[in-house]
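Work through the exercises below with the structure in view, and try each task before reading its solution.

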Amino acid sequence: AESSAAALAAAATAAAAAEKALRGGPSSSALLDEIPLPAPVMSVTDKASFDTSALPDAFDPITKTGRWRYEAKLGEGGLGVVYRAMDCKGQQGEVAVKVLKRHSKTPHRDARHAFAMHRESQWSLWWLHNSYDERYVEESAGLFAKYLEDHTGFSELPPASFDAKRRLYEAPGFNWDRDGPPLPARPYVVMELVRGEPLQAAIDRERRTLPSKEEPPSLAVTEKRAVLLEAARALEYLARFSLIHRDFRGCNMHLVQREGAAGPCRLKVLDLGVMICADPGQEQNCNLAVQAFRRRGDTEEKRKRYDWLPWEVRIEGATIAVNFAQPSYSFDVFSFGVLVLHLLVGKTECRAILDDLQQGARMPDTTVLGLGPEMVRRMISSDPTKRPKPGEILAMLRAGQPKPSVPLAATPLLTAPPTTAPLPTTTAKAGVSERPPATATAAAAAAAAGGPPAVAVAVSAATVAPGAEAKVQRGSRSRSRSPGRRVSRGQGPREAAGGKNGVAVGGAKADEEEERKRQEERRRRWQGSAAANSLSAGA
């Protein structure tokens, strides 16, 4: 502040002298030659708001030594501290520099943490962002923050290849305290600078009573769906490499673009610090460089904060640590299910729901986010083998399920009779709002995802106007029924087989001719009211 004030005062003095000289004093030309240029208000020699002297390869504007001009501290995690920096000697421009935190007074004991930092950079450099790898997909790779340089010291150590290093330093018998290699004074890695805000910040803001007017708006439903779609694509890409992120949560994802003129909401996944490959023997590997989140607090309240960890990893007091369970994607799929609940109800309510679900409680209706409740229940199942594959989740999200207007247990699956005429969404006679029919694309996507065919559910009489009729679909056939009649499986002698799957659907067995006349009458009513109907299909 003092230097800035002095700079302003010098600028004012110089301006006054220049004005006096321009008015034609006796030595105006001499004065003009002697007027110094005013110093900038923010000098390049000003110090940052934090101490940069201990940071690696820091640029010195006086001696012009060092490479990185550290500009701001962006965040801090268990492994390191991240800074925004400018490359003053190379071609990287503005980047994020992650510097290893000191975990021990003895430097070589920090070697396993430096190896974890080395490993996260190599996942990006040699796997996820390596265009020469046959598994590489450019669009999917763009969902992850790209690592640019590795300065941990492990690249210079034998063995030469990354896979050989992993086999050596991740071996169950490797002793880091005894055999940890010597490393640079301040190991660090360089990453692309990801702008935007953490996804968790947007989730938490929605639950605050009085959010600031200066903050971005809360996520819209369409943005939440886009976030889940991007996250599912990221998991599918990791599965191509048999990689497990293990820290797949809102604070490690950035919203790099909000929904608007530029396009849909876009996401980027950060922090590969605890990512491992699902190699044989890694499930219960006791190597400290493979294990993660073993210390989760000494109280139940603190342990609940680790809600993204699957049930099999959270076991307290186990003699053998479980790093993950097979199938390998089950770890991150569980975390994805928790993320769905965070977006739906917030993290505090999500933790309470997880406890209740363990006791057999009902899953909240998640259909508004494009995923059925049964799918989300499978994601957070206590049995890892029942959790869906990332591709199955992605297929359901891409199918784009409609948002229900009533609770799931009372939501009808409505269909229209076959016709080429435009179908209104309301019946003029009864004044009942109806949903557009499910498309063949959605049905095909559901089948590809491995899910069951659409199942009709009962329509509560309170949700349908008196006298109105509803169509309930099962497989490829349907039956007309009154709103008060229940739909169930196996209702004795009054049931009829519906659909190719041969599942019984309750209802009166109507005469074929009477059924045909009813269908024809309904078609005429809909066609007659089409011209007068001004509601859109998505109303």
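**Helix α11 and its neighbours**

The buried residues of α11 pack against α10 (330-345) and α12 (373-379). The model used in these exercises is a predicted one.

**Exercise 1.** Describe the length of α11, and work out where its buried residues lie around the helix axis.

*Solution.* Begin with the extent of the helix: α11 covers residues 347-358, which is 12 residues, and from its first C-alpha to its last it reaches 17 Å, close to the 16 Å expected at 1.5 Å a residue. Next, list the residues of α11 that are buried, namely Cys350, Arg351, Ile353, Leu354 and Leu357. Looking down the axis of α11, one finds these buried residues within an arc of 160°, so they line one face of the helix. Finally, follow the chain beyond the end of the helix, where Gly360, just after α11, takes a positive phi of about 90°.

**Exercise 2.** Decide how α10 and α11 are oriented towards each other, and name the residues through which they meet.

*Solution.* Take α10 by itself to start with: this helix has 16 residues and spans 23 Å between its first and last C-alpha, close to the 22 Å expected at 1.5 Å a residue. It is mostly covered, since 15 of its 16 residues are buried, where buried means under 20% relative accessible area. Now consider the pair: α10 and α11 pack at an angle of about 125°, and their axes are 7 Å apart. The two helices are therefore oblique to each other, and their crossing is right-handed. On the α10 side the meeting residues are Val338, Leu341, His342 and Val345, while α11 contributes Lys347, Glu349, Cys350, Ile353 and Leu354. Just after α10 comes Gly346, which takes a positive phi of about 90°.

**Exercise 3.** Carry out the corresponding analysis for α3 and α5, stating their relative direction and their contact residues.

*Solution.* The starting point is the geometry: helix α3 (residues 111-128) packs with helix α5 (residues 162-169) at an angle of about 150°, the axes being 11 Å apart. That angle makes α3 roughly antiparallel to α5, because angles over 145 degrees count as roughly antiparallel. The contact is made from the α3 side by Phe115, His118, Arg119, Gln122, Trp123 and Trp127, and from the α5 side by Phe162, Asp163, Lys165, Arg166 and Tyr169. As for handedness, α3 passes α5 in a left-handed crossing.

**Exercise 4.** Place Lys101 in the chain, and say whether it counts as buried, partly exposed or exposed.

*Solution.* First locate the residue, which sits in the loop between β3 (94-100) and α3. With a relative accessibility of 24%, Lys101 counts as partly exposed. Then look for its partners: leaving aside residues up to four places away in sequence, Lys101 touches Glu76, Gly77, Gly78, Leu79, Gly80, Val81 and Asp110. One of these partners, Gly77, is 24 residues from Lys101 along the chain, and the C-alpha atoms of the two are separated by 8.9 Å.

**Exercise 5.** Step back and characterise the chain as a whole, asking what share of its residues is buried.

*Solution.* Count the elements to begin with, which gives 15 helices and 16 strands. Of the 539 residues in the chain, 42% are buried. To finish, turn to the contacts with a separation of 6 or more, of which 63% are accounted for by residues 24 or more positions apart.

Conventions:
Residues numbered from 1 in each chain as written. Predicted model: local features only at pLDDT ≥ 70, side-chain atom pairs only at ≥ 80, totals over all residues. Heavy atoms only, no water. Helix = DSSP H or I, 4+ residues; strand = E, 2+ residues; numbered from the N terminus. Expected span 1.5 Å × (residues − 1). Buried < 20%, exposed > 50% of the residue type's maximum accessible area, 1.4 Å probe, protein only. Arc of directions from axis to C-beta. Contact = heavy atoms within 4.5 Å. Axes fitted to C-alpha atoms, helices over the stretch in contact; angles between N-to-C directions. Parallel < 35°, antiparallel > 145°, perpendicular 65-115°, else oblique. Left-handed = near helix turned anticlockwise from the far one by under 90°.
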